[in-house]
Amino acid sequence: MQVAILTVGDEVLAGETTNTNAAWLAEELTGRGVTVTRILTVPDDEAVIAEWVREFSAGFDAVVVTGGIGGTPDDVTVEAVARAFDRPMVVREDQRERLVRRAEAFREANPDLAADYEFDVDFDAVASLPEGARTLVTDESWAPGCVVANVYVLPGIPEEMRAMFAVVADEFAGDRTSETVYTPTPEGALGGALGVVRERFDVAVGSYPAPVDEPGRIRVSGSDPDAVAAAVAWLRDHVETCEPPE
């Protein structure tokens, strides 16, 4: 299963927010045997988001989009996904009712805030989703996420994103497996061994250096668990290895 991750947010591009969502999703998906083939961050621009959603949807088995689904004017991701698939936005009455109930409960639980601030919530806007979309709802998130074709639209707030991903996590599965070997050998001295592993065992292999006084990593992955295991065994016989750092 080939998956692309699309994160949305001007604040991410400006460096004001660290893109932890992409890293977390990549690790989760890889752990499920999925191959993450693209990770891209785009601004809160409806046309740009729609362009990449359209391209990624056509090119990969699934696309995971995070960010820009709240109720503020710069939250245009859901509209962009609708645009990518040429679908109208439709108010979901069940979602509108849910949002009204949540707003009322918030006011009751926070009377001082309700008295000091005028909350102007456009319930119709937040409850609108692309026609035919599957709704994704969690207790953690205010706005609903959705699934349109092979595109999964999730919140940008990390806690909300992770809770909503859990709702659809079982829909992501693949046959990739990977193992990691740790070595004190400098990366510059590994080229020959890594080349042999690629050719002999038909696996993907990468080396990742570490700070001084810490071992580097060699990661072996492939769709055949036996080939991955054989490649790792060969590396242990031909490259100095060590225990992973604590």
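Here is a short tour of a few residues to select in your viewer, one stop at a time.

Before you click, know that this is a predicted model, where local features need pLDDT of at least 70, side-chain atom pairs count only at pLDDT 80 or more, and totals for chains, interfaces and linings use all residues. Residues are numbered from 1 along each chain as its sequence is written, and side-chain values use heavy atoms, with hydrogens and water left out.

**Stop 1: aspartate 44**

Select aspartate 44, in the loop between β2 (35-42) and α3 (46-59). Those labels come from DSSP runs numbered from the N terminus: helices are H or I with at least four residues, strands are E with at least two. Is aspartate 44 buried or exposed? Aspartate 44 is buried, yet has no salt bridge. Here "buried" means under 20% relative accessible area, "exposed" means over 50%, and "partly exposed" is in between (1.4 Å probe, protein chains only). A salt bridge is a side-chain nitrogen of Lys or Arg within 4 Å of a carboxyl oxygen of Asp or Glu. For aspartate 44, the nearest side chain of opposite charge is arginine 83, 13 Å away. (Lys and Arg count as positive, Asp and Glu as negative; His and the chain ends are not counted.)

Now add aspartate 10 to your selection. Its backbone nitrogen lies 2.9 Å from a polar atom of the aspartate 44 side chain. Leaving aside neighbours within four places in sequence, aspartate 44 is also in contact (heavy atoms within 4.5 Å) with residues including Val8, Ile49 and Val76.

**Stop 2: the salt bridges**

How many salt bridges does the structure hold? There are four, and we'll visit some of them.

Try arginine 32 and aspartate 170, whose side chains meet at 3.7 Å, N to O. This pair links distant parts of the chain, 138 residues apart: arginine 32 sits in the loop between α2 (20-31) and β2, aspartate 170 in the loop between α8 (158-168) and β9 (177-183). Arginine 32 is partly exposed at 29% relative accessible area, while aspartate 170 is exposed at 69%.

Next, pick arginine 96 and aspartate 124, with their closest N and O atoms 2.6 Å apart in a salt bridge. Arginine 96 lies in helix α5 (residues 93-109) and aspartate 124 in helix α7 (residues 123-126), so the pair ties together parts 28 residues apart in sequence. Arginine 96 is partly exposed at 28%, and aspartate 124 is partly exposed at 34%.

Then go to glutamate 171 and arginine 134, a salt bridge at 3.0 Å, N to O. Glutamate 171 is in the loop between α8 and β9, and arginine 134 is in strand β6 (residues 134-136), 37 residues away along the chain. Glutamate 171 is partly exposed at 34%, and arginine 134 is partly exposed at 37%.

**Stop 3: alanine 22**

Jump to helix α2 and select alanine 22. Alanine 22 is buried, with a relative accessible area of 5%. Leaving aside neighbours within four places in sequence, alanine 22 is in contact with Ile5, Thr7 and Ile39. Show proline 158 as well: the two C-alpha atoms are 9.9 Å apart, though 136 residues separate them along the chain.

**Stop 4: the cysteines**

Finally, select cysteine 146, which is buried at 0% relative accessibility, and cysteine 242, which is partly exposed at 27%. How many disulfides are there? The count is zero, using the rule that a disulfide is a pair of cysteine sulfur atoms within 2.5 Å.

Methods
Polar contact = N/O pair within 3.5 Å; in protein donor to acceptor, adjacent residues only side chain to side chain.
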